[in-house]
Amino acid sequence: MQPFLESLGLSLPITDPVLTFATVMVIVLVAPLLFKRLGVPGIVGLIVFGAVAGESVLGLLQVDNTFELLGRVGLLYLMFTAGLSLDLNQFVKYKSRSLVFGLLSFLFPMALALSVGVQLLNYETATALLIGAVVGSHTLLAYPIAEKLGITKNLAVTMTMGGTMVTDLVSLLVLAIVAATVEGATGLGFWATFAGVVLAYGVLVALLLPRLGRWFFRNVRNQPDMEFVFLLAVVFVTAYMAQVAYLAPIIGAFFAGIILNRLVPERSPLMLRIKFVGDALFVPFFLVYVGLLVDVAVLVEGTEVVLLALILAAVVWVGKLIAAKGVQWLYAYTPDEGWAIFGLSTPQSAATLAVTLVGFELGLFDEALLNAVVVLILLTCLVGPWVVERFGRRVAIQEEQKPYEASEAPQRILVPLANPETSEDLVDMAVYIRNPNSEEPVYPLSIAREGGNQEAEVAAAEQLLSRAVLHAATADVPVRPGTRIDLNVANGVRRAIDEYRISTVVIGWSGDNTARRYIFGSVLDQLLEETEEMVLVCRITQPLNTIRRMLLAIPPYADREPGFADAVRAMKIMANQIGAELLVLTTATSARIQVPVIQALRPEVPVEPIALTQWSDLMRTLDETVKEDDLFSLLSVRSGSVAWRASLDRLPRLIAQRFAQTSDVTLYAPERPVSKLTQTGQKRPQTITEDMLQVSRLRSEADAQPAEQVMEQVLAQDMGLRPETAQHLAASFTEDGDNYAPELMAGAALYHLHLPLVADEPLLVAGLSAEGLSLPRTSQPVHVLLILLVPKTASTDRYLDLVTGVAKLLTREKVETLRTTDDIDEARRLLLEPVQTPAVASP
């Protein structure tokens, strides 16, 4: 090869920067493809090709300042990416596991190294301790394989990633102690300075970086190149400051990734760019750099270095295997997860090189031991990725074969767009509430109004969609854009919902004041009336990745809605994606039922309940609770639901006025579970039978009577209760606290009790009034009064199912008909007539 290069005017090793870069790029391209064909992980191929291209074999490349720079940049970038990808909620919840594993993964190899180093290899204790620091640490070299297999969120893998910081910290601490002992700096002053500097560094980074990051992302919007450059600047400055603070730069890079984790959601376009640049450029350069460090000639010229390297490798493999299988037994992981932990914690590189070079400079490591460590790096970097590739696939298969959950139901998200300034924010919202395992596309939609300059309307709609499509594509989310032409915007959205079998609608709202008869405005209100899907009405004032807390307000009885779990799950997915805390505001009574349900839903997100004495305390509590970086979410329901109350329709306007700078989402729970919404229409199950129901026309004078007297009349005359019982129940109905809201919709109210004072079967009375009754806590005169009494012998679930079933009997159209009908039999028939769920067309 030398004569050929000389004929081109070149010599070995290659010094021309363009040719050097071209050679590395060819290696990055060819090595992974070739080794994957051989069934070996591609990153192993990069290390092997680097060793072959090095000075000890072909002599093509040499480790000069440029290669050392790019190699270290690649390592720091790898550690930074690992910190960003860490499932922070799981890490915080199971941080004790990471601590235990990190200590075990360091202590077992350290103990073996001390024993072997002193007893077998006859090294001094200081040298044996440094060898223990070398083999006790590990580098997440096989992390890219785990990422490609989709197992980085697995609890065992998360634990291992967290343990990396522990092992490297302890390893570098041992190095500092040994170096200080050798150099005679063992006084109290040195250790006080060391501890103070490290503590100051940790506090400074933990306090400054989140604030700096939120300020930057809030003020520099829609500039992806600047966002990426900002992160690069932060990670390398943090890494250098770690070095100043007597720590390794890799600790600083990993720490920076953890601190900025919540600002870079897993499914965001920014995270995709970070991983792309790392996988294509920085990390491959690091792997080739590791290969160049290997002196292959040492392996063939003598047995001393090879034997020493094999002994060190055995210490690493045995010690790490004991630690991996120990935590597998301790935390009940599967055998495949245990082997994956072993594979991830085996590769030696970053802290290993740092400790080795310092040991050599101190005179504790001779040249043979130095070369043996380099060979050790090669051996462990070959074995670790292979183990992760083999057993990680099994872990991925086990994750896929877990029992089906409702959270895995088809999730089709429609995003109607109208304003170019908010289109990207709405697409981000759709991406963040989307199940990460979903293969369904996001459906951006633009409506062009029929008539007038229709061609211009369609062109503008398509231009708006193109921006949304590009933004979603950068987040690696499939999209299926659509345009509809319709005179009525709400009808156009409704047709798209039917056509695509949509389960969730994400739509924007400006927060502007509307006529009092509207909640949001005519279009949105019409859409809510004509749909039963989950709808998120979003008023976004800041980048969603800067949100620190999500406040979710849940009214009483909302847990009885069929779509309650789906609505809460969407908020938990978003909280998990952006790394936000989830605070649940609900009444103390409701919290006992709702909070355990919320906590049981996947994904696992820390849930902090905030108990309200009464639902009317919500605004006062928000005044005391809401902060600048919060997102307020109201779980609302449509009228006719048991959880509906007139105040829910007023809350979005109040929130927009009171907290104008805070983003808010009004989340309407679906009226059927999401798994049903993507299927053809079905009838709701009927829980109310004809035997339960009595219908009566209230006398005209009842319209002017006090509410308690009207109740007493219905309970005594129509339900057959004793006068004293009727009087007691009527008083309890009319005097109940704020948490009890009888109004189902305009013109209808439902009162219900679970008590031992009635017969063995539930009783339901419908009292009809043409003029309307004036009842407590209702916004309008009541024309249909429903009273449900359920015996105490019925379970609580049965009681709440009956309440929900009665609430679903009515629609606005039924109320208007019942108001004027005089035919009691016709009224009974109408009440018991099932409410039809509209069928949807196949796309």
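# A walk through the predicted model

In E15, Leu785 is the bridge partner of Ala749. That pair is a handy place to start, and we will come back to the strands around it shortly. First, a word on confidence: this is a predicted model, with a mean pLDDT of 80 for the protein and 87% of its residues at 70 or more. Two stretches deserve some caution as you look around. The pLDDT is below 50 over residues 404-408, a stretch with 8 contacts in the model beyond near neighbours in sequence. Residues 677-686 also have a pLDDT below 50, and this stretch has 29 contacts beyond near neighbours in sequence.

Back to our starting pair. Strand E13 (residues 748-755) and strand E15 (residues 782-791) run parallel and are paired over 8 bridges. They belong to an open sheet of 5 strands, and if you trace across it you meet them in the order E11-E14-E15-E13-E12, with mixed pairing. The sheet ends at strand E11 (693-697) and strand E12 (743-745), the edge strands, each of which pairs on one side only. From one strand to its neighbour in this sheet, the average turn is 25°, direction ignored. Now look for helix H32 (residues 824-832): this helix lies across E11 and strand E14 (763-773), and its direction makes an angle of about 135° with E11.

Earlier in the sequence there is another open sheet, this one built from 10 strands. Its order is E3-E2-E1-E4-E5-E10-E9-E6-E7-E8, and here too the pairing is mixed. Which strands form its edges? They are strand E3 (482-486) and strand E8 (607-612), each pairing on one side only. On average, neighbouring strands of this sheet are turned by 25° against each other, direction ignored. For a detailed view, pick out strand E9 (residues 630-636) and strand E10 (residues 663-668), which run parallel and are joined by 6 bridges. Within that pairing, Leu635 has Leu667 of E10 as its bridge partner.

A helix rests on this sheet as well. Helix H19 (residues 423-433) lies across strand E1 (413-417), strand E2 (442-449), strand E4 (504-508), strand E5 (534-539) and E10, and runs at about 170° to E1. While you are in this part of the model, follow the chain from helix H24 (588-600) towards the edge strand E8: the loop between them holds Pro603. The peptide bond from Arg602 to Pro603 is cis, with omega near 0°.

Next, turn to the helices that come before these sheets in the sequence. Helix H12 (residues 249-259) is a good anchor, with helix H10 (residues 188-219) as a partner: their axes come within 10 Å and cross at roughly 40°. This angle makes H10 oblique to H12, and the crossing is right-handed. H10 brings Tyr201, Gly202, Val205, Ala206, Leu209 and Pro210 to the contact, while H12 brings Gly252, Phe255, Ala256 and Ile259. Sorted by class, the residues of this contact are 8 nonpolar and 2 polar, with no charged ones.

Helix H11 (residues 224-244) meets H12 too. Their axes come within 7 Å and cross at roughly 135°, and H11 and H12 are therefore oblique to each other. This crossing is right-handed. On the H11 side you will find Val235, Thr238, Ala239, Ala242 and Gln243, facing Pro249, Gly252, Ala253 and Ala256 of H12. How do these residues divide by class? There are 6 nonpolar and 3 polar residues, and no charged ones.

The last stop is the pair formed by helix H15 (residues 304-330) and helix H16 (residues 335-345), which pack at an angle of about 145° with their axes 9 Å apart. Their crossing is right-handed. H15 makes the contact with Trp317, Lys320, Leu321, Ala324, Lys325, Val327 and Gln328, and H16 with Pro335, Gly338, Trp339, Ile341, Phe342 and Ser345. By class, this contact has 8 nonpolar, 3 polar and 2 charged residues. Between H15 and H16 lies a loop containing Ala332. The phi of Ala332 is near 60°, a positive value in a residue other than glycine.

Notes:
Residues numbered from 1 in each chain as written. Predicted model: local features only at pLDDT ≥ 70, side-chain atom pairs only at ≥ 80, totals over all residues. Heavy atoms only, no water. pLDDT = per-residue confidence, 0-100. Contact = heavy atoms within 4.5 Å. Axes fitted to C-alpha atoms, helices over the stretch in contact; angles between N-to-C directions. Helix = DSSP H or I, 4+ residues; strand = E, 2+ residues; numbered from the N terminus. Parallel < 35°, antiparallel > 145°, perpendicular 65-115°, else oblique. Left-handed = near helix turned anticlockwise from the far one by under 90°. Nonpolar A, V, L, I, M, F, W, Y, C, P; charged D, E, K, R; others polar. Pairing = 2+ DSSP bridges.
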